[in-house]
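Visitor: I'd like to learn how to read a structure feature by feature. Could you put one up and walk me through it?

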Amino acid sequence: MTMADETDALRVQLEAQRDDLVQRVERLRAAGRRETAHSGNVAGETDTAHQWENAEIREGQINEALEELRQTETALARLDQGQYGVCTVCGNPIEPERLELLPETVHCARHA
């Protein structure tokens, strides 16, 4: 496999990851809107506490997905700039095994 083929495969992987994350955020937000719409019913104290807990969990999940999305978009930009796979702290190459597990990473294992 040539370097261009590897770059193309990586781009496809990162773009698919980005699309999955966008869809995850949209699903979580839609679930929140549905729950909010249904909370107009007279609910007991326990139901209200449960709704708050669900909303907090969902908000955490949304924030996690948005952070992953930001990292993935950064990886795509670094790929475009020819900086992908280079640690932003020390400038050394990021270990291939690390990139395979975390393709959006910008740090080598030493600086993670």
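Guide: Happy to. Keep in mind that this is a predicted model. Let's start with one residue, leucine 10. Leaving out residues up to four places away in sequence, leucine 10 touches Leu79, Tyr84 and Pro103.

Visitor: Which nonpolar core does that lead to, and how many residues has the largest one?

Guide: A nonpolar core is built from buried nonpolar residues joined through side-chain atoms within 4.5 Å. Here the largest one has 10 residues: Leu10, Leu14, Ala75, Leu76, Leu79, Tyr84, Cys87, Ile94, Leu99 and Cys108. Two elements, α1 and α2, each give two or more residues to this core. The biggest share comes from α2, with three residues.

Visitor: Where else should I look for a core, and which residues does a second one include?

Guide: There is a second, separate core of six residues, and among them are Val25, Leu28, Ile62 and Ala65.

Visitor: Let's turn to empty space. How do I picture a pocket?

Guide: Rolling a probe the size of a water molecule over the atoms shows where empty space is left. In this model the largest pocket has a volume of about 250 Å³.

Visitor: Which residues line the largest pocket?

Guide: Its lining is made of Met3, Glu6, Thr7, Leu10, Arg78, Leu79, Gly82, Gln83, Tyr84 and Leu99. You've met some of these names already: Leu10, Leu79, Tyr84 and Leu99 are also listed in the largest nonpolar core.

Visitor: Which element gives the most to that lining?

Guide: That's α1, with four residues. Both α1 and α2 give two or more residues to the lining of the largest pocket.

Visitor: And how do the lining residues divide into nonpolar, polar and charged?

Guide: Five are nonpolar, three polar and two charged.

Visitor: On to charges, then. How many salt bridges does a search of the whole structure find?

Guide: The idea is a side-chain nitrogen of Lys or Arg within 4 Å of a carboxyl oxygen of Asp or Glu. The search turns up four of them. One of these joins the side chains of aspartate 80 and arginine 11, at 2.9 Å from N to O. Aspartate 80 sits in helix α2 (residues 45–81) and arginine 11 in helix α1 (residues 3–38), so this pair ties together parts that are 69 residues apart in sequence.

Visitor: Is aspartate 80 buried or exposed?

Guide: Exposed, because its relative accessibility is 56% and the cut-off for exposed is over 50%. Its partner, arginine 11, is partly exposed, with a relative accessible area of 23%.

Visitor: Which salt bridge could I compare with that one?

Guide: Try glutamate 67 and arginine 70, whose closest N and O atoms are 2.5 Å apart. Both residues lie in helix α2, three residues apart, which is about one turn of the helix. Glutamate 67 is partly exposed at 34% relative accessible area, and arginine 70 is partly exposed at 44%.

Visitor: What about arginine 18 and aspartate 19?

Guide: Their side chains meet in a salt bridge too, at 3.6 Å from N to O. Arginine 18 counts as partly exposed at 26% relative accessibility, and aspartate 19 is partly exposed with a relative accessible area of 38%.

Visitor: Is arginine 58 buried or exposed?

Guide: Buried, because its relative accessible area is 13% and buried means under 20%. Arginine 58 is found in helix α2. Leaving aside neighbours within four places in sequence, arginine 58 is in contact with Leu28, Ala31, Gly32 and Glu35.

Visitor: Last topic: how do I read sequence separation against distance in space?

Guide: Put the two numbers side by side for a few pairs. Alanine 16 and glycine 32 are 16 residues apart in sequence, and their C-alpha atoms are 24 Å apart in space. Asparagine 54 and glycine 32 are 22 residues apart in sequence, with 8.7 Å from C-alpha to C-alpha. Alanine 16 is in helix α1, while asparagine 54 is in helix α2.

Visitor: And how far apart are the C-alpha atoms of alanine 4 and valine 22?

Guide: They are separated by 27 Å, with the two positions 18 residues apart along the chain counted as their separation. Alanine 4 lies in helix α1 and is partly exposed, with a relative accessible area of 48%.

Technical notes
Residues are numbered from 1 along each chain as its sequence is written. This is a predicted model: local features need pLDDT of at least 70, side-chain atom pairs count only at pLDDT 80 or more; totals for chains, interfaces and linings use all residues. Side-chain values use heavy atoms; hydrogens and water are left out. Buried means under 20% relative accessible area, exposed over 50%, partly exposed in between (1.4 Å probe, protein chains only). Contact means heavy atoms within 4.5 Å. On a 1 Å grid over the protein atoms alone, a cavity is a set of points where a 1.4 Å probe fits but cannot get out, and a pocket is an open set with protein on both sides within 12 Å along at least five of seven lines; lining residues have an atom within 4 Å of a point. Grid points are joined across faces, edges and corners, and a volume is the space filled by probe spheres set on the points. Ala, Val, Leu, Ile, Met, Phe, Trp, Tyr, Cys and Pro count as nonpolar, Asp, Glu, Lys and Arg as charged, and the others, Gly among them, as polar.
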